[in-house]
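Me: I have a structure in front of me and would like to learn how to read it. Can we go feature by feature?

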Amino acid sequence: MIIGAPTEHPDPDATALHVGYRDKVLAVEPGGNEPIPLAARHGRPRGLFWTWTAPNLEFATIFVGIISVLYFGLSFWQAVAAMALGNLLGAIAHFLLSAEGPLHGVPQMVLGRLAFGYRGNILPATFMAVMCGVGWFATNSVSGAFALSTLFGLTPLTALVVIVVLQTAFAFFGHNLVQRFERLAAPVLAIVFVIGAVIIFSKSDVAAPAADGGFSLGGFLLTVGAAFGYTAGWTPYAADYTRYLPPTVSKVQTGLFASAGLFASCTFLMVVGAASVTIGDPVSENPTEAFTANLPSAIADLTLLAIAVGAVAANAINVYSGAMAFVTMGFTLPVGLQRALVTVFFGVVGFAVAWWALADAAASYEAFLLLVAYWIGPWLGVVFADRLLRRDPPPLTLLYDAGYRNRGGVAAFVIALAGSLLLFCNQEKFVGFVVRAVPELGDIGAFVGFVVAFVGYLILARDRVARSQQMYR
């Protein structure tokens with residue numbers, strides 16, 4: 001394998017493979033990060049609602065609501081406001097990025113080369129591949145494994161093996177099978193979770209006060225950051241699932257259906273999770289068992305099954321897009337199998353990380369949510385600043401030019417990431433210097449990182465963007 005191969009445009013053979021793949025579901029998606037030919041484009045924006053609903057109908061979403069009340073000390077209604085705000089910010093970002101996918105038909109991380117340069121983009125692509133393709137994969141695998149373990153009496157490790165094999169298989173086949181599975185799973189999962197939600201709310205005490213009887217600004221901001229980290233964690237994948245749409249589709253509809261599915265599903269289940277905590281103290285250290293203990297046995301079993309299926313739905317997307325990011329880093333593999341082979345690699349690595357996280361799922365998940373947000377904030381700041389500076393759509397030649405550099409984007413990202421971590425991080429193992437002095441800030445690292453990266457890019461990269469637009473006009 002070599003880095004930086006400049007020839008990533010589809011050759012006639014690759015185009016023929018994509019066209020042949022267009023209407024197939026049980027077929028391995030050909031190629032990797034090259035543009036999708038017009039003849040292979042298909043689908044409608046409305047299908048994106050289900051694409052982004054299904055992967056969030058899972059326990060990881062519920063757990064954001066649980067930790068907002070149980071660990072961050074908010075009342076139910078305070079948690080609802082904080083989670084809705086964090087989800088709304090993430091959904092807005094997802095709207096804007098999803099809408100760009102159909103124009104060139106390339107993955108999100110290929111579009112990221114505009115702001116970071118061809119080789120500089122390896123940095124955020126690595127973050128995505130590791131944090132999302134492996135980290136999220138492991139996180140969701142743990143919740144699915146706990147659900148199967150409780151439902152069928154399996155050991156957590158055995159259940160984990162089953163979950164990992166299923167979700168890696170979906171991602172191995174690629175885009176069409178992933179999209180079809182999400183579309184079929186979403187309505188079924190929604191029905192099960194709505195039934196469970198009705199029962200949870202009938203038993204909950206949503207009027208219960210916060211842990212300290214008042215309002216904690218730190219807990220509120222921690223919850224906003226955690227919700228944003230969860231929802232915005234999908235944004236580096238956005239164009240991966242809109243690039244197969246014809247370029248003539250409405251950008252507004254494309255962004256709206258994608259972001260609506262994301263916001264509705266995330267907010268719904270996070271609110272259910274927050275309500276479940278007001279019923280009483282957890283009855284088990286197994287988080288999925290503690291949640292379903294509030295339900296009648298038959299509904300509890302259905303919910304556990306839905307949690308397991310939801311984990312597969314989420315990780316089919318996680319490992320697929322993680323593999324896409326890895327391919328975008330510049331590694332060359334056989335064209336017909338490059339993404340599929342990397343998918344298997346991430347499945348194996350994700351399994352190992354999930355196995356390690358089984359011992360303390362709650363602490364691992366809380367920390368991971370905020371870690372995701374730390375790099376997503378600066379990345380979004382750089383990407384959106386670049387879009388603001390470019391008045392014309394970028395040509396494909398710029399996206400695949402191995403000689404294109406944009407050091408201002410890399411510098412803005414690194415400065416914002418390092419500064420926000422050192423000053424505003426709020427983790428168990430490290431607390432930023434500003435937060436030590438003002439604990440009420442909670443964790444605003446992602447938002448500070450966004451602002452610093454956005455402003456930094458406007459200052460450092462303005463001239464480079466202007467030159468690239470003239471050069472590739």
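Me: How many of the residues count as buried in the protein?
Reply: Start with the model itself, which is predicted. Buried means under 20% relative accessible area. Here 60% of the 473 residues count as buried.

Me: What does the accessible surface come to, and what share belongs to carbon and sulfur atoms?
Reply: The total is about 17700 Å². Carbon and sulfur atoms account for 70% of that surface.

Me: How many helices and strands does the secondary structure have?
Reply: It has 21 helices and zero strands.

Me: How do I read one helix, say helix 11?
Reply: Compare its reach with the length expected at 1.5 Å a residue. Helix 11 covers residues 217-232, 16 residues in total. From first C-alpha to last it reaches 22 Å, close to the expected 22 Å.

Me: Is helix 11 largely enclosed or open?
Reply: Count its buried residues. In helix 11, 15 of the 16 are buried, so the rest of the structure largely encloses it.

Me: Which contacts should I look at across the sequence?
Reply: Take contacts between residues at least 6 apart in sequence. In this protein, 86% of them join residues at least 24 apart.
A197 gives a case to look at. It lies in helix 10, residues 175-203. Its relative accessible area is 5%, so A197 is buried. Beyond residues up to four places away in sequence, A197 touches F268 and V272. A197 and F268 are 71 residues apart in sequence, yet their C-alpha atoms are 9.0 Å apart in space.

Me: What does the side chain of S468 reach?
Reply: First place the residue. S468 sits in helix 21, residues 462-471. At 1% relative accessibility, it counts as buried. Its side chain reaches the backbone oxygen of V465 at 2.8 Å. Residues three or four places apart on an α-helix point the same way, because there are 3.6 residues a turn. Leaving aside neighbours within four places in sequence, S468 is in contact with R390, L398 and Y404.

Me: Which residues form the nonpolar patch on the surface?
Reply: Look for exposed nonpolar side chains that group together. Here the patch is formed by I415, V451, V452, V455, I459 and L460. Together they have about 540 Å² of accessible area.

Me: Where does the largest share of the patch come from?
Reply: Helix 20, residues 445-460, supplies five residues. I415 is placed in helix 18, residues 407-424.

Me: Is I415 buried or exposed?
Reply: The cut-off for exposed is over 50%. I415 has a relative accessible area of 52%, so it is exposed.

Key
Residues are numbered from 1 along each chain as its sequence is written. This is a predicted model: local features need pLDDT of at least 70, side-chain atom pairs count only at pLDDT 80 or more; totals for chains, interfaces and linings use all residues. Side-chain values use heavy atoms; hydrogens and water are left out. Helices (H or I, at least four residues) and strands (E, at least two) are DSSP runs, numbered from the N terminus. Buried means under 20% relative accessible area, exposed over 50%, partly exposed in between (1.4 Å probe, protein chains only). A polar contact is a pair of N or O atoms within 3.5 Å; within protein, one must be able to donate a hydrogen and the other to accept it, and residues adjacent in sequence count only if both atoms are side-chain atoms. Contact means heavy atoms within 4.5 Å. The expected span of a helix is 1.5 Å times one less than its number of residues. Patches are made of residues with over 30% relative accessible area and no salt bridge: like charges are joined within 9 Å, nonpolar side chains (Val, Leu, Ile, Met, Phe, Trp, Tyr) within 5 Å. Accessible areas come from the Shrake-Rupley method with a 1.4 Å probe; for residues, only the protein chains shown count as cover. A salt bridge is a side-chain nitrogen of Lys or Arg within 4 Å of a carboxyl oxygen of Asp or Glu.
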